[in-house]
Amino acid sequence: MMLFSEYMAGQKLLPIIQTGCPKTGVAITKAMHEGGVNLVEVVLRHDTSLSVLSAIKEAFPELKVGAGTVIDSTILDDAIKAGADYIVTPAVTPKLLEALVDCGVPVLPGVSSTSDITLAREAGFKEMKLFPANLAGGIGFLNTVKSVYRDCQFCPTGGINEKNVGEFLALSNVFAAGGTWVSAQQWIDDENWQAITEACQQVV
């Protein structure tokens, strides 16, 4: 099983795109790519999110475009059919983990407790998303579990921003950090694509 950090090829930012408009998704991705990003996550929180993912893949075939908010095997299948290069989940269950192991693309499973970490680890995953990081214990939680799960690494998302991302990335068991702060809704509304580019550059 490929390590997700290897798949990210050194990129420390997991930038999350949250829009139901394909045109806007492409514009956001363009701004992120100009900021040095080669991998983006489209969260499936709109009825048209899969169309956004497909539009980004068509516009930027050289980028790795993943699907987030995958919560069951049906959504997983739909995401892969839409062209998702990788999968991110907000949580894990035994049934979902079984589907993820066999899905054929890289996966970053979401965890929020030691029970979740153990479940994901038993399924063969050594790298996971801590979500929502701000409510699941954040830096304190990650510092506590690193001596217990010594072979596990994490990508925290949820409550990560420009003020605390550096603290998270400094942790020895964190390989990347993700969030939507690099594509703030106000910037999108104002079509301030340069602000998105600059926010990505600061992390990348």
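How many nonpolar, polar and charged residues does the lining of the largest pocket have? In this predicted model, the lining has six nonpolar, nine polar and three charged residues. The lining comprises 18 residues in total, and those that lie nearest the centre of the pocket are Ile16, Gln18, Arg45, Gly179 and Thr180. Strand S2 (39-43), strand S9 (177-179) and helix H9 (185-189) are the elements that each give two or more residues to this lining. The space within the pocket amounts to about 230 Å³.

Ile16, one of the residues nearest the pocket centre, belongs to the buried part of strand S1. This strand spans residues 13-17, and five of its five residues are buried. Burial extends to both faces of S1: Leu13, Pro15 and Ile17 are covered on one side, and Leu14 and Ile16 on the other. The strand is joined to S9 by three bridges, the two strands running parallel. Within this pairing, Leu13 has Ala177 of S9 as its bridge partner. Strand S1 is also joined to S2, again in the parallel sense, by two bridges. Here Ile16 stands opposite Glu41 of S2. Strands S2 and S9, to which S1 is bridged, thus reappear among the elements that contribute two or more residues to the pocket lining.

Helix H3 (residues 49-59) has Ser49, Val52, Leu53, Ala55, Ile56 and Lys57 as its buried residues. The cover over these residues includes S1 and S2, together with helix H2 (22-34) and strand S3 (64-68). In general, residues three or four places apart in an α-helix point the same way, because there are 3.6 residues a turn.

The loop that lies between S3 and helix H4 (73-81) contains Thr69. With a relative accessible area of 18%, Thr69 falls under the 20% limit and is therefore buried. Apart from neighbours within four places in sequence, the residues in contact with Thr69 are Glu41, Val43, Leu44, Arg45, Ile75, Val88 and Pro90. Two of these residues have appeared above: Glu41 is placed opposite Ile16, and Arg45 is among the residues nearest the centre of the largest pocket.

A separate group of strands forms an open sheet. Three strands make up this sheet in the order S6-S7-S8, with parallel pairing. Strand S6 (110-111) and S8 stand at the edges and each has a single partner strand, so one side of each lacks a neighbour in the sheet. Four bridges pair strand S7 (residues 127-130) with S8 in the parallel sense. Among the residues of this pairing, Met128 has Phe154 of S8 as its bridge partner.

The loop between helix H7 (138-145) and strand S8 (153-156) holds Asp151. This residue counts as partly exposed because its relative accessibility, 32%, lies between the limits of 20% for buried and 50% for exposed residues. Beyond residues up to four places away in sequence, Asp151 touches Arg121 and Lys126. Asp151 and Lys126 are 25 residues apart along the chain, yet their C-alpha atoms are separated by 6.5 Å. The side chains of Asp151 and Lys126 are joined by a polar contact of 3.2 Å.

Several points of backbone geometry also deserve mention. Most residues other than glycine have a negative phi, and most peptide bonds are trans. The peptide bond from Phe131 to Pro132, however, is cis, with omega near -15°. Pro132 is located in the loop between S7 and H7.

Positive phi values are found at Ala9 and Glu191. For Ala9, which is not a glycine, phi is about 55°. This residue lies in the loop that links helix H1 (4-8) and S1. Its relative accessible area of 61% is over 50%, so Ala9 is exposed. Phi of Glu191, also a residue other than glycine, is positive and near 55°. Glu191 is situated in the loop between H9 and helix H10 (193-203). With a relative accessible area of 57%, again over 50%, Glu191 is therefore exposed.

Technical notes
Residues numbered from 1 in each chain as written. Predicted model: local features only at pLDDT ≥ 70, side-chain atom pairs only at ≥ 80, totals over all residues. Heavy atoms only, no water. 1 Å grid on protein atoms, 1.4 Å probe; cavity = no way out; pocket = protein on both sides within 12 Å on 5 of 7 lines; lining within 4 Å. Points joined across faces, edges and corners; volume = space filled by probe spheres on them. Nonpolar A, V, L, I, M, F, W, Y, C, P; charged D, E, K, R; others polar. Buried < 20%, exposed > 50% of the residue type's maximum accessible area, 1.4 Å probe, protein only. Contact = heavy atoms within 4.5 Å. Polar contact = N/O pair within 3.5 Å; in protein donor to acceptor, adjacent residues only side chain to side chain. Pairing = 2+ DSSP bridges.
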